[in-house]
Amino acid sequence: MPATGSSQRSEEAAAPAAAPLAEEHAARHARAARRGLATILGDRGVPGRQRPLLTRLIAVALLVQVVPGLVSGPNLLTLNLACVYAMAAIGLSIVFSLGGFVSVAQAAVMAVGGYILILLFGPTVGFPVALLLAGLGGALVSALTGIVGARVKSHYFILISLALAETIQLVITNATSVTGGANGVGLKAPASVLGLDLGLPTDYFRFITILTFVVIYLADSLRASRAGLALRAQTVDGYLALAAGVAIGRYRIMATAIGGVFAGLAGGMVAIRDGYLGPQNFGLDTSILLLLMVVIAGTGRAGSVVVSALILTFLSQGLLTLTSTGTLIYGMGLIVLIIFAPEGLGGLPRLARGALGRLGARRAGTASDDGGER
Amino acid sequence: MSAGEIGLELRDVSVQFGGIHAVQGVDFSVAPSRVHGLVGPNGSGKTTILNAICGFVGSDGEIEVGGARIDGMGSYGRMRRGLGRTFQNPRPARELTVRDLLRIGEHDRKAQPWWQVALTPRAADRALRESNERASRLLAMVDIGPGLLEQQLVNLPAGVLKMVDIARALMGAPRVLLLDEPTSGMNDVEIDLLHAALRELSGDSLTILLVEHNLRFMFDICDSMTVLATGRVVGHGTPTEVFQREEVIHAYMGSSTASVHESRPHPVEPSAG
Amino acid sequence: MSTFIQAVVAGIAAGAVYGLLGAGFSLAYKTTGIINFAHGDIAMLGAYVTFSVFGWGAPLFVAALAGVVAGGLAGAVMERGVLRPLYKRPLVAGILATVGVSVVLQSVIQLVWGSLPLTLPSLASSTPWRIGSVAFSPAQAVLLAVTIIVSTALIFAVDRTRVGRGMRACAQDSGVVVLFGISPERLYLTAFAIAGMLAGLAGALITPTIGLTPSRGVSLSVLGFAAAVLGGLGSVTGAIVGGIAIAVLRNLASVYVSAGYADAVAYLAIVLVLLVRVRGLLGDDLETVRSV
Ligand SMILES: Nc1ncnc2c1ncn2[C@@H]1O[C@H](COP(=O)(O)OP(=O)(O)OP(=O)(O)O)[C@@H](O)[C@H]1O
Ligand SMILES: [Mg+2]
């Protein structure tokens, strides 16, 4: 086996029985090297521990200070939208990778949060309260899918979430006296919080960044907690979870509820960003886009979901609003990404290494067949 | 063994799959600090009995743990009553490390609300450190170093995976431990380590129900045994008694060696006793 | 009472087409386990091809056949080009890839035919016959007749032919069909080609009523999916029954509840059915029992 090829194999072939010290050291070094990038991505190799809060706070402070000076105009608006989507997608990744549900209702859950905020927020109900209620509403609706979904097989769950999504769309379009129907409804008052005027894209960015980091932090905490572990065990092997005394149903419903909170908050922030809401904001295509973000992120860790949310939001905003040629390119891009990046963005470096390895192997005259292996 | 002190008791337990009686009218009881063996040919219903005890399959009859009835409870409630079990073929979950698996095992011993990690990271870290220490101690019992904690489950050899699975079951600090063919996939050194570990554990007043095809191992470690064939009990007693019975000798000793778990034993013929 | 009967009768005719959509959906799912969100877009492609061929002067019947062929081709190309690398991957990968295909098909349709709505005449007259106060048009009769013929043929093919039995076996264990000398990949291709043809047919049949718009495909996919799930994923008969049940429910709901919420009532009914019968109305109990 040539040198280039063996690098990718080493992690597979590590002899575990006695775990020689050298191996352990190598692993630790690799992890330390990864941590540099991981700090930015919000991703730590070891699921056992949380990254210190301080690093996160510094990252937020930097972003909040620097980015509004660098990005402006429509790009900043898209960036804001990407943050909103990132929040909802992180929620969906909890529903998906911890709850084990493939849901196409996340945009509808956002809609619930959005409409709650836009209808409540006004002179009597302050912005923070309205936003919290939006999160709560999202949690309730999402938990509903969990309660039903915990009783049916996975394929059927997709339809159940679809049914919920379409029903919410119907309610929005038909309950014209409340929601304004297809015409939509406008924000009643300008929102401001923490001294930030959310009507300004720059201030909006500052606030949504803070909110996104809170969501990332909570999501990572959930994953790292014993509950998160129990949920992961449950998605992999239900009997293992049962043997550990995990009340599977309850935990799955909890996962959908938490995922719903994030979506509800995101929906509320859509309302603030646009100052207006209509049913078209929360269609099936948005749900699918969110699901794509989760799947393309690959690992289910909050940081990678943010990265894929950024990429996909800019892609979809850039391509989908142009022409049908743009849409065509977008669709093809999705297919290519799904086929050729089996582990999502997180798997890309490995994929590159695999390709290099194969190249080396071919030169040496031997065929190596992993890379796409699952 | 004083009367009234019972770790695990089954009374007239039956399991049906559709029309098939996988287990029929099984009774036995195990006292704390004792190791009870469950033997029988492939498909005789051993795993099914463990599943019935854990509530993974529906069953008729009475099941008691520590004197309290658990039949009628869900799996979750039964485990909380102090059951722990391992699997015949543990599925090495992708992306889970040994540490993850062991923490999962600890699940219901220590409730930790998920927000603890977010709001009081120090407390969470402390809990994690404790859990790591416990895990390392358990692994040390079978001579596995703490370095293994970071390994991915998929990379473990079969024997080590079984060992880790046992440690996982022990993390929940069970009162009754159900082991499903723990030695399959283990080499001789590992089997010896397991033997010593089980002895130590049962000394700690743990009740152990052991399903196993490796009769040499069973002979050495069990205090009592139940022999099953096609879902029915065909023999009870100490290993010496059981191994003197015609049917058992016929079923097992007739075939090559004491360690028969690789080859498929002949079915045990039902006896009148 | 007569409104009730009218709603049911119209529902049966419309539902027949949903049933065809669902049957194709179900067949592909049964064989490969993939939920095809491009199914409705393939139907739209079939409808648009029918439109064009009809526009070139071919008889409508021939044009519809061309639509069927186009649907079959699209299904086959999708299976070979997109889904084949994804069978070993988790469920979502395949599903999202079909979403990608849906986006591609939709934009291709838009590029070729434009996005303005078009219309297609139906195979038979839509001036209704009247039996008492209940109206039933020859067009509806044709829908129903075609569905009955096609689905009978399909059920026969799945039950009796070697390939059909292979598909059923494949649903349980794709490794096993190799032992019978059938290649699973060939089966997958066949399943998607047939599913595509069924979609193309459904498209050609339904667009006279709903009109041709590139974005229509999504709602057709949803309908086909719902029909298939309600009937029990994997069962052709179930899909037809499910399709009819959905259409009848929608019609009844729009008469007795409110037109705006007709779909919501249908969805609610589906969810309830799934809660009571976890495998849908006619789903088979083939889900493998997981060993501990
Ligand atoms: N979930 C199930 N559904 C249907 N039948 C089952 C199920 N689980 C077990 N059986 C049947 O019950 C019988 C007993 O199986 P069991 O797994 O308990 O045997 P065992 O004694 O553990 O065998 P082995 O030594 O091979 O592990 C077998 O005939 C098996 O096919
Ligand atoms: Mg067994």
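## Ser224 and His36 of chain B

The side chains of Ser224(B) and His36(B) are joined by a polar contact of 2.7 Å. The model is a predicted one. Ser224(B) belongs to strand β9 of chain B, which covers residues 224–229. With a relative accessible area of 21%, Ser224(B) is partly exposed; the limit for a buried residue is under 20%.

Apart from neighbours within four places in sequence, the contacts of Ser224(B) are Val35(B), His36(B), Gly37(B), Gly237(B), Thr238(B) and Pro239(B). Val30(B) is 194 residues from Ser224(B) in sequence, yet the two C-alpha atoms are 8.4 Å apart.

## Strand β3 and its partners

His36(B) is one of the residues of β3(B) that point to one side of the strand, together with Leu38(B), while Val35(B), Gly37(B) and Val39(B) point the other way. Strand β3 of chain B spans residues 35–39, and five of its five residues are buried.

β3(B) pairs with β9(B) in the parallel sense over four bridges. In this pairing, His36(B) stands opposite Ser224(B), and the side chains of these two residues also make the 2.7 Å polar contact. β3(B) also pairs in the parallel sense with strand β8 of chain B (residues 207–211), again over four bridges. There Gly37(B) has Leu210(B) as its bridge partner.

## The six-stranded sheet

These strands belong to an open sheet of six in chain B, with the order β6-β7-β8-β3-β9-β10 and mixed pairing. The edges are β6 and β10 (232–237) of chain B; each has a single partner strand, so one side of each lacks a neighbour in the sheet. On average, and with direction ignored, neighbouring strands of this sheet are turned by 20 degrees against each other.

Strand β7 of chain B (residues 176–180) runs parallel to β8(B) and is joined to it by five bridges. Val176(B) stands opposite Thr207(B) of β8(B). Helix α6 of chain B, residues 158–171, packs on the sheet and touches β6 and β7 of chain B. The direction of helix α6 makes about 160 degrees with that of β7(B).

## The four-stranded sheet and helix α1 of chain B

A further open sheet in chain B has four strands in the order β2-β1-β4-β5, with antiparallel pairing. Its edge strands are β2 (20–30) and β5 (68–69) of chain B, each of which pairs on one side only. Strands β1 (residues 8–17) and β4 (residues 60–65) of chain B form an antiparallel pair over five bridges. Within β4(B), Glu62(B) is the bridge partner of Arg11(B).

Helix α1 of chain B, residues 46–54, lies across β1, β2 and β4 of chain B. The helix runs at about 110 degrees to β1(B).

## The magnesium ion

Helix α1 of chain B also supplies Thr47(B), whose OG1 atom is a donor of the magnesium ion (ligand 2) along with OE1 of Gln88(B); the donors lie 1.8 to 2.2 Å from the ion. Gln88(B) sits in the loop between β6 (83–85) and α3 (98–105) of chain B, so that the pair, 41 residues apart, links distant parts of the chain. Thr47(B) has a relative accessibility of 17% and counts as buried, whereas Gln88(B) is partly exposed at 22%.

## Ligand 1

Ligand 1 is surrounded by 14 residues, and the closest are Asn42(B), Gly43(B), Lys46(B), Thr47(B) and Thr48(B). The surrounding residues come from chains B and C, so the site is shared between chains. Thr47(B) thus appears both in this group and among the donors of the magnesium ion.

Several polar atoms of chain B lie at short listed distances from oxygen atoms of ligand 1. A backbone N or O atom of Gly43(B) is 2.8 Å from one such oxygen, and a polar backbone atom of Ser44(B) is 3.2 Å from an oxygen atom of the ligand. For Glu181(B), a side-chain N or O atom lies 3.4 Å from a ligand oxygen.

## Ser26 of chain C

Ser26(C) is located in helix α1 of chain C, which covers residues 2–32. At 0% relative accessibility, Ser26(C) counts as buried. Beyond neighbours within four places in sequence, Ser26(C) is in contact with Ala228(C), Gly232(C), Leu233(C), Gly234(C), Ser235(C) and Ala239(C).

## Chain B as a whole

Chain B contains ten helices and ten strands. Of its 273 residues, 56% are buried. Among contacts in chain B with a separation of 6 or more, 68% are between residues 24 or more positions apart.

Technical notes: Residues are numbered from 1 along each chain as its sequence is written. Chains are lettered from A and ligands numbered from 1 in the order in which they are written. This is a predicted model: local features need pLDDT of at least 70, side-chain atom pairs count only at pLDDT 80 or more; totals for chains, interfaces and linings use all residues. Side-chain values use heavy atoms; hydrogens and water are left out. Two strands pair if DSSP finds at least two bridges between them. Helices (H or I, at least four residues) and strands (E, at least two) are DSSP runs, numbered from the N terminus. Contact means heavy atoms within 4.5 Å. Axes are lines fitted to C-alpha atoms, for helices over the stretch in contact, and angles run from 0 to 180 degrees between N-to-C directions. Donors are N, O and S atoms within 2.8 Å of the metal (3.2 Å for Na, K and Ca); water is not among the atoms, so sites may look incomplete. Buried means under 20% relative accessible area, exposed over 50%, partly exposed in between (1.4 Å probe, protein chains only). A residue is near a molecule or strand if one of its heavy atoms lies within 4 Å of it. A polar contact is a pair of N or O atoms within 3.5 Å; within protein, one must be able to donate a hydrogen and the other to accept it, and residues adjacent in sequence count only if both atoms are side-chain atoms.
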